[in-house]
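Here is a note on the charged side-chain pairs, set out as numbered points for your reading alongside the model.

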Amino acid sequence: MSVTSLVMSSLLGVSYVNPMNFFQSLDGSGCGTSGPISCQDANTPPAANTCCFESPGGLILQTQVWDTDVAGSPEDSWTIHGLWPDNCDGSYIENCDPSRDYTDIAGLLESQGASSTLDFMQQYWLNDDGTNEKFWEHEWATHGTCYSTLDVDCLPSGSPTGAEAVAFFETVVRVFKTLPTYDWLAQAGITPSSDQTYSLSSMLSALQDASGYIPALSCSRSGTLSSISWYFNLQGSIIDGEFVPIDNPKDSSCPSSGIRYLPKEG
């Protein structure tokens, strides 16, 4: 983990969920964090080791949602949507390996020593219809299987079936914990309200001031805030690599003013 990430986690008062805990006895991914950075190193040869260089999906989005009617959703936090590997031009591929469409994600995490990650997901990664397990299965099958650095041939020798999915979910949680969107907006006086509205510039400025980078906000057609995307490139493997934050390459979809940031219904 970088010094920057360690400092950020310390300041935010959050614990660092390290996917390396699972792979420690297997000596991690073996990639390190001194290689090329996805999408940023244009001269990387086509023959680059894609077990240690995320390609083609090197533009990574940590997506969060603000859903007001999910039972059990914390009132003072956004919730996880996923961690998506877009191509460097903003296009993307999905459902890359149906043979690894694992089911019973909860059981997989528990059996491979990631119960604390599962506990966190059960609080902060919720589906709006209560089918959390289906949501997790979908995110892994649709997006997780498309990470080149999580190909089964990239795993350390002796890894159990599904180890790459365990690493994926632990990494999603780890990255999410460094991005407390609700707290950063609240620090600027931007909190959910039934009658007050906000401007896009004030929200983005608050988030940039707190994080150092500009995310992309999404709204419904009525101007109601619904989701956020934080962007990264990756140096090394998603198992234990360095997430390099960048400004959003895509404009927010919210209107310039009159954005509704509604309270959760509980």
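1. At 1% relative accessibility, Glu164 counts as buried, because the cut-off for that class is under 20% relative accessible area. Please keep in mind throughout that the model is a predicted one.

2. The partner of Glu164 is Arg100, and the closest N and O atoms of this salt bridge are 3.1 Å apart. The pair links distant parts of the chain, since Arg100 sits in the loop between strand 2 (79-86) and helix 3 (105-111), whereas Glu164 belongs to helix 6 (residues 163-177), with the two positions 64 residues apart in numbering. Arg100 is also buried, its relative accessible area being 6%.

3. Arg100 has a further contact to consider, as its side chain meets that of Asp97 in a salt bridge with an N to O distance of 2.8 Å.

4. A pair elsewhere is formed by Lys134 and Glu137, whose closest N and O atoms are 4.0 Å apart. Both residues lie in helix 5 (residues 132-142), three residues apart, which corresponds to about one turn of the helix. Are the two side chains of this pair buried or exposed? Lys134 counts as exposed at 58% relative accessibility, while Glu137, at 13%, counts as buried. As for shared partners, salt bridges join Asp97, Arg100 and Glu164 into one network.

5. On the total, the count comes to three salt bridges, and a reader who wishes to check it may go through the pairs Asp97 and Arg100, Arg100 and Glu164, and Lys134 and Glu137.

Definitions and conventions
Residues numbered from 1 in each chain as written. Predicted model: local features only at pLDDT ≥ 70, side-chain atom pairs only at ≥ 80, totals over all residues. Heavy atoms only, no water. Buried < 20%, exposed > 50% of the residue type's maximum accessible area, 1.4 Å probe, protein only. Helix = DSSP H or I, 4+ residues; strand = E, 2+ residues; numbered from the N terminus.
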